[in-house]
Every structure is written in C-alpha cells, then in structure tokens.
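Visitor: I've got a structure open and I'd like to know what the terms people use for it actually rest on. Could you take me through it?

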Protein chains: 2
Amino acid sequence: MEHRIDRVKKLLHAQSYKLTPQREATVRVLLEREQDHLSAEEIYLLVKEKAPEIGLATVYRTLELLSELKIVDKINFGDGVSRYDLRKEGAEHFHHHLVCIECGSVEEIVDDLLVDVEKLVESEWGFQVKDHRLTFHGICKQCQQAAVKTPL
Amino acid sequence: MEHRIDRVKKLLHAQSYKLTPQREATVRVLLEREQDHLSAEEIYLLVKEKAPEIGLATVYRTLELLSELKIVDKINFGDGVSRYDLRKEGAEHFHHHLVCIECGSVEEIVDDLLVDVEKLVESEWGFQVKDHRLTFHGICKQCQQAAVKTPL
DNA sequence: GTCGGTGCAAAATTTTTGCACTAGC
DNA sequence: GCTAGTGCAAAAATTTTGCACCGAC
C-alpha cells in the first residue's frame, strides 16, 4: 500500500505538485476501494472520515488533478455522475468494464483485449491510438443464474 | 430521409408512443446532423428553429424515450454533457468513436470490431453481452500531419 | 372525457469558481 | 512574505420534476 502512495507522491512531485494531507487521504480512499468506481460525492464522504475538515471542492480539485496526471481515470457509465478509477501501475494494461443492466454491478477485466483492434484502427483510419475506453453492457453471471431460477 | 422518419414512427407505435410534431422535429435534427454528436442543448436550439414553441424539457423527454427504445445512443465523452447519436438501421453494427485529444474532433467508425472480443468475454467471464461502447482517444490523421509540418 | 404529451418554471443534482485564509519554504 | 493549496459558500451548468393545459381519439 505505502509504495503506491509513494508512487503517487513522486508523480505529483515530478510536476511540482505536493501530496498534501487532503490529497493523500483521497488517494488512500481510492486505493482502499479500488474496485468500487466511486463518485466524487462517495469519495468525499469516505475522505471525510479520515479528514473531517476537507471540503467537497478540494476532492473535486484533487480528482481533476489526478485525472490530468493520468493517475486516475475519470469514467462515466451514463448515470449522471463521473466516477474515478485508479490506474494500474503497469500502464500498458488498461482495464475495461462489464456493466450489468439488471443489477447495476460493475466488474473489471484487466486483459488488454484490444491490441489487434488498435492496430487495425491505426492502419485503416490513420488514427494514432493513445488510450481507449471499452464498456460492455449486458447481464452478469449472477443475474443469468437468478433468471434461470426465477423466470419472469 | 422520409423512410427513416417512418421507421422511427413505427418503432414508437410498436410501443404505443406517438410521433408528435415535437418528437418528429427532434428526430429530423438528429438525422440532419447525424455525424455531429449533439448535446441536448444543441439539439434543443436546432429544434427550436423548426418548432419555436418547444421546451427544453420536451427535448430531454424525447431523447430519453428514444434512448430507452434504443433508437438513439446516449454517449458521454467526459465533458459534462450527454450526447445523442442516432443508431444505424442495421442494429447488429454498432459504431465506435475516435476522439482526437488535440483538436477534439470525433470520428465515427462503423465496423463491428468487437465480435471476437465479445465472444471471449462471454466464454471467459460468463457475461452475456448486449451492447458495448468503445472509444479510442488519440491523435487524428489531420493533427498528425499538422504536427509534422509545425513541430513544437 | 380521458390520456398521452407538452410548456413553463421550479427544483434537484453535479461540478466549478471566487475569495479570504492557511501552511510551508 | 510568497505561493500553492484549502474551505466555504455562491454560482453555474445540466437534467429532472410538478403541474396546469392542450389535443387527438
């Protein structure tokens, strides 16, 4: 855990930003709840438990900063709010999402499935790919099983 | 053009909704500006030119309805607003987006690149894919050429 | 007359901004 | 002291909702 905080600290310092207590608390929440795709509000409430004096605006400013530095990814699943995901350390593996349209659960998959597709996009469209977002919408394993047990 | 309006009309009727003048004006704007990824506000302003009495709330309600019926796709590129895209007629081909991080242009690609990837997700994760969203971020052909001519 | 649909205004929600204040160098 | 960073409150921006009204069947 600590080495991951240190890594963020270094990335911030490299751009002359500081890892303030507020920023550290925010990063710690992101680390602790890495699988959770938290919204700014949710992050704010969790950070408040560690650092009660923090303001929502600071959380937004921190998340925006981390987002610019590509330390977190700002993602949007179509409900009104942005969600924030810590990037994995080895930046060559992106992670994608499986959003269940039944129960709303979000699963992550870490394989880089798009290597071939990216090559195709570069050669066919002349578009130099830097990053990508991929989200599948569908029905998760649990809901499929539930549907078998209790059909409509 | 007209047959595409008719198609929407049928889809609405099939679910006991009407193609009111306001809804028709909205769909026409979407048809005319199909490549443009308009926001609700932009659509509202364009619809107002045809039907000045329309309210923004109606545009939102129409877009939400069309979205539920899968006639349009609600997409989000990370700026604060939702954008709306008419689905292509042959629903088995989704369309993906190439977002240029230099000039902000959005290109569409219509190939269904993900057939193999979807199969993998279904077999590996047991997730039944219904739809997907794929966006590439990178540098478009024009900006690459501009960069060669005028390096930093 | 009923009911889906609409327009308007108000409300709710999410995010940003202005400004005075603080802490570290 | 200067500067980056912060907290708070206000503002902005986007989207939703309540309600009275309208129009087609």
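Visitor: Let's start with the two chains. How many residues of chain A are in contact with chain B?

Guide: Before the count, keep in mind that this is a predicted model. Here, 34 residues of chain A are in contact with 34 residues of chain B. They earn the word "contact" because heavy atoms come within 4.5 Å.

Visitor: And how much area do chain A and chain B bury between them?

Guide: About 3,000 Å², with carbon and sulfur atoms giving 69% of it. Three residues, A:W125, A:F127 and A:F136, supply 24% of what chain A buries against chain B, more than any other three residues.

Visitor: What makes up the side of chain A that touches chain B, by class?

Guide: There are 17 nonpolar, 9 polar and 8 charged residues on that side.

Visitor: How many salt bridges are counted between chain A and chain B?

Guide: The count is 0. A salt bridge needs a Lys or Arg side-chain nitrogen within 4 Å of an Asp or Glu carboxyl oxygen, so charged residues at an interface don't make one by themselves. Polar contacts do turn up, though: 10 residue pairs across the interface of chain A and chain B, both partners at pLDDT 80 or more.

Visitor: Which element gives the most to the side of chain A that touches chain B?

Guide: That's β6(A), with 12 residues. Its residues are 128-139, and among the other elements that each supply at least two residues are α5 (115-125) and α6 (141-149) of chain A.

Visitor: How do you know that β6(A) and β6 of chain B count as paired?

Guide: Two strands pair if there are at least two bridges between them. β6(A) and β6(B) have 11, and the sense is antiparallel. For one partner pair to click on, try A:I139 and B:Q128.

Visitor: Now chain A by itself. Where do its domains begin and end?

Guide: The domain assignment gives domain 1 as 1-90 and domain 2 as 93-152. Their C-alpha centres lie 24 Å apart. Between them, 12 residues of domain 1 are in contact with 9 residues of domain 2.

Visitor: What area is buried between domain 1 and domain 2 of chain A?

Guide: About 890 Å², of which carbon and sulfur atoms give 47%. On the domain 1 side, A:H37, A:F77 and A:K88 supply 47% of the area buried against domain 2, more than any other three residues.

Visitor: Why is the meeting of A:D73 and A:R133 called a salt bridge?

Guide: Check the distance: their side chains meet at 3.6 Å, N to O. The cut-off is 4 Å between an Arg or Lys nitrogen and an Asp or Glu oxygen, so the pair passes. Between domain 1 and domain 2 of chain A the count is 2 salt bridges, and 5 residue pairs there are in polar contact, both at pLDDT 80 or more.

Visitor: Which elements give two or more residues to the side of domain 1 that touches domain 2?

Guide: β2 (72-76) and β3 (82-86) of chain A. The largest share, 3 residues, comes from β2(A). By class, that side divides into 3 nonpolar, 3 polar and 6 charged residues.

Visitor: What makes A:E24 and A:R28 a salt bridge too?

Guide: Their side chains meet at 2.8 Å, N to O. That is within 4 Å, so this pair qualifies as well. Both residues lie in helix α2 (residues 21-32) of chain A, 4 residues apart, about one turn of the helix. Over all chains, the search finds 18 salt bridges.

Visitor: What is the strand order in the open sheet of chain A?

Guide: β1-β3-β2, three strands with antiparallel pairing. β1 (38-39) and β2 are the edge strands, each pairing on one side only.

Visitor: How do you know that β2(A) and β3(A) pair?

Guide: They share 5 bridges, in the antiparallel sense. At least two are needed, so they count as a pair. In that pairing, A:I75 stands opposite A:R83.

Visitor: And what about β1 and β3 in chain B, how many bridges join them?

Guide: 2 bridges, with the strands running antiparallel. The rule asks for at least two, so this pairing counts. B:S39 has B:R83 as its bridge partner there.

Terms used
Residues are numbered from 1 along each chain as its sequence is written. Chains are lettered from A and ligands numbered from 1 in the order in which they are written. This is a predicted model: local features need pLDDT of at least 70, side-chain atom pairs count only at pLDDT 80 or more; totals for chains, interfaces and linings use all residues. Side-chain values use heavy atoms; hydrogens and water are left out. Domain bounds come from an automatic or database domain assignment. Buried area is the accessible area (1.4 Å probe) that two parts lose on being put together, summed over both. A polar contact is a pair of N or O atoms within 3.5 Å; within protein, one must be able to donate a hydrogen and the other to accept it, and residues adjacent in sequence count only if both atoms are side-chain atoms. Ala, Val, Leu, Ile, Met, Phe, Trp, Tyr, Cys and Pro count as nonpolar, Asp, Glu, Lys and Arg as charged, and the others, Gly among them, as polar.
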